[in-house]
Amino acid sequence: MPVEIYLNVAASGLLTGLVYGLMALGLSVIFGVVRVVNFAHGEMMTLAMYLTLVLFSALKLDPLILMVPVAAVLFVLGYLLQRGLINPFINRPEHSQFMLLVAVALVLVNVQLIVFGPDAQGIRTSYSFDSFQLGALIVDASKVYAAGAALVVAGALFAFFRWTLLGKSIRACADNYHGALVVGLDVKRLYALTFGIGSACVGAAGAMLMAVTDVTPTIGPSYTLLAFVIVITGGLGSMPGALLGGLLIGLTEALGGVLFTPSAKSMFAFGLLVLVLLFRPQGILGRKAA
Amino acid sequence: MTQRTNRRQFNQALAAAGALGALSPFGIARAQSKALKVGLLLPRSGVQAGIGQDCHRVVEITNGLLRDLGLPALDIMNGDTESNVDVARSRAECLIGEGAQLLVGAFDSGQTTAIAQVAEQRGVPLVINIAAAPPITEQGYKFVFRNFPTAPMILGDAFANQLELFAATGVSPKSVVFMHVNDTFGAAMQKGFTGVMKKFTMPYTVADTIAYDPAARDLSVEVAKAKATGAEALVMVSRLNDAILITRELVKQRWSPKAVLSMGPGWYEDQYLKTLGKLGDGPISFVPWYDPNKKLTKQLEAAHRKAYPEISLNTNHVYTFEALLIAADAFKRAGSADPKALADAIRTTNITNNVSPGPGIQFNAKGQNDKLKDSAIQNRGGKLVTVAPKDAANARAQLPMTPYDQR
């Protein structure tokens, strides 16, 4: 098989992996601060994808522009979800949190089925069928734009947590819950803001994915699983780890598919997960529990 | 002039009404219903809901067409199998219990197998609209009839039609990649493809066989791998969503095969054509279809277009309609709704004014219409034309396909 095939497939895998990484970043941010695992993560992303679809139909704007209002809507939704529903469960046993978020996921899937029907739906932009050719390398234009946007959003998020007062406050909550309370931080509000920020990441990723793939209500659980695989591989709670995990999973799936059999692509991603769990249980960039 | 009813007259009327009501269950005082009660079993909810509902669309226009043909109207009793084998079995029992004199259904082979067992046990005829698993008509059943090709018939006709198209256009690929969805249907078709292909002298070799996940979100790797083989054509067994994904990847990866030859759904469906526009033109699908030149096809198409202007006539409509046509024809000839008389009448069916390709509807000793022919249909200008077999065609095939970058 010609070498350029491997190059093409690897490039495609890396670009897709960046968007997946942004999706998983939301999960990692929420867990890193609020210590709640969002089992409705994929379903929230399909909601963002449908929102993009509806806005695209109404406004005919590019999904990369729609990313801003979709992320804003998901931020509000995440904020309200945390304040109204999840907050009372923060100190309850983990299985209660699990059941709550699985219930939220089921509600989301069924509402989407009722509203949008079971068929796959997509959007067609002016560059939907374009690709860039660099010598033997052919790269999907939609994936390039989506990956670029994912990098920008991830960069903005890193900057927010590193240099803004609010970002530092959220990090303080994540590092030391009681310490944050002692210095007078409004931890409940910060938790809700964090859940909103994590949801906004998912919203942005959903809008980008609409430029790349179609949406059905039932794909939510597979995205939830994918996000888990990525954050566990990269390191649960680590933001750079989520992006790295996305890149690794994207690349592994792509090369596994071309080297062996495409129908077993996911097997290679899970194989990588097993190896990470065996040899570095905290994830590649994760911190060991104290 | 008004006349008041006295108490004695009122009591007499009440007694007469009571007697009539008491006798009616035995059919003594009720006039015999003229319409045949047909239990129509389709997956109208669950995973196959879309297809079941699509099959059901034709029911709305069937009685009008039957009347035009001088056939009796049917009293349709709907049963939803919920895309589930066990539910299909129990619904069949229920419909028979509620008075169904003949059953029609049920799109899916598993569900149809369960219904066939019930029909045979209860001695009620079943006319299968769509189900391709060969064993259904290999059990020695006396009350089960199928007017739909079996899987080997579908594959055999697909190869025969390909040879006809290659000869007619003078274009034949030297090598193909066989890509199939890796589910029960796709895996069965892959085995059948390999087995049946040996019986034909095909001009191509299979450069590679690529199976892919039915839930795949991205098929770029699969298409890259297929492109790398240097094959001239793609042979596909897919579903709708993956057919759209693959076409997008073909365009993005700048690969225009000479032909896309599909042996499954997806490539000819309305949503495929609507989603892809001019990029959806070119693929040829080998499917149980209809003969566009037949008189009844034109009548069915006209009635269907009037009722559903946005939906093209397809396999689901045609074979559900023909199953109901068989029922009405048998009822008329039998002159009775007695199940045995109906089954005997179906066995001697000879309908030449029909819709599906081939000489018409007749059943062999096993209850199978083995004279059915499949068609090759090509997407052209957002519509479907039949390009083979020659007797049932309304257009010439365009091979090779117009390259994607020249559209």
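User: What makes the 7 strands of chain B an open sheet with mixed pairing, and in which order do they lie?

Analyst: In this predicted model, the strands of chain B are arranged in the order 7-6-8-9-10-11-12, and the pairing along that order is mixed. The two ends of the order are the edge strands, strand 7 and strand 12 (383-388) of chain B, each of which pairs on one side only. On average, neighbouring strands of this sheet are turned by 25° against each other, with direction ignored.

User: How do you know that strand 6 and strand 7 of chain B are paired, and in which direction do they run?

Analyst: Two strands count as paired when at least two bridges are found between them. Strand 6 (residues 175-181) of chain B is joined to strand 7 of chain B by 7 bridges, and the two run parallel; set against that cut-off, the 7 bridges therefore make them a pair. Within this pairing, Val177(B) has Asp208(B) of strand 7 standing opposite.

User: Which helices of chain B lie across strand 6, strand 7 and strand 8, and at what angles do they run?

Analyst: Helix 7 (residues 184-197) of chain B lies across strand 6, strand 7 and strand 8 (233-237), running at about 150° to strand 6 of chain B. Helix 8 of chain B also lies across strand 6, strand 7 and strand 8, and its angle to strand 7 of chain B is about 170°.

User: What is the order of the 5 strands in the other open sheet of chain B, and what is the pairing?

Analyst: The order is 2-1-3-4-5, and the pairing is parallel. Strand 2 (74-80) and strand 5 (144-146) of chain B are its edge strands, each pairing on one side only. Here, too, the average turn between neighbouring strands is 25°, direction ignored.

User: Why do strand 4 and strand 5 of chain B count as a pair?

Analyst: There are 3 bridges between strand 4 (residues 126-128) of chain B and strand 5 of chain B, which run parallel; since a pair needs at least two bridges, the 3 found here meet the requirement. One of the bridge partnerships is that of Leu126(B) with Val144(B) in strand 5 of chain B.

User: Why is Asn369(B) called buried or exposed?

Analyst: A residue is called buried when 20 or more other C-beta atoms lie within 10 Å of its own. Asn369(B) has 26 C-beta neighbours inside 10 Å, so this residue is buried. Asn369(B) belongs to the loop between helix 13 (339-347) and strand 11 (375-380) of chain B. Leaving aside residues up to four places away in sequence, Asn369(B) touches Arg146(B), Asn147(B), Ile361(B), Gln362(B) and Phe363(B). Its C-alpha atom is 7.9 Å from that of Phe145(B), although the two residues are 224 apart along the chain.

User: What makes the crossing of helix 10 of chain A and helix 8 of chain B, and which hand does it have?

Analyst: Helix 10 (residues 239-259) of chain A packs on helix 8 (residues 220-228) of chain B at an angle of about 35°, with 9 Å between their axes, and the crossing is right-handed. Ala254(A), Gly257(A) and Val258(A) make the contact from helix 10 of chain A, and Val221(B), Ala224(B) and Lys225(B) make it from helix 8 of chain B. These residues divide into 4 nonpolar, 1 polar and 1 charged.

User: How many residues of each chain are in contact with the other, and which element of chain B supplies the largest share of its side?

Analyst: The contact involves 24 residues of chain B and 27 residues of chain A. Strand 7 (205-212), helix 8, helix 9 (240-252) and helix 10 (270-276) of chain B each supply at least two residues of the side that touches chain A. The largest share of that side, 6 residues, comes from helix 8 of chain B. By character, the residues of this side of chain B divide into 9 nonpolar, 7 polar and 8 charged.

User: Why is chain A said to be as compact as a globular protein of its length?

Analyst: The radius of gyration of chain A is 19 Å, and the globule rule gives 19 Å for 290 residues, so chain A is as compact as a globular protein of that length. Chain A has 11 helices and 2 strands, and buried residues make up 53% of its 290 residues.

Key
Residues numbered from 1 in each chain as written. Chains lettered and ligands numbered in written order. Predicted model: local features only at pLDDT ≥ 70, side-chain atom pairs only at ≥ 80, totals over all residues. Helix = DSSP H or I, 4+ residues; strand = E, 2+ residues; numbered from the N terminus. Axes fitted to C-alpha atoms, helices over the stretch in contact; angles between N-to-C directions. Left-handed = near helix turned anticlockwise from the far one by under 90°. Contact = placed C-beta atoms within 7 Å. Nonpolar A, V, L, I, M, F, W, Y, C, P; charged D, E, K, R; others polar. Rg over C-alpha atoms; globule rule 2.2 N^0.38 Å. Buried ≥ 20, exposed ≤ 12 C-beta atoms within 10 Å, placed from the backbone.
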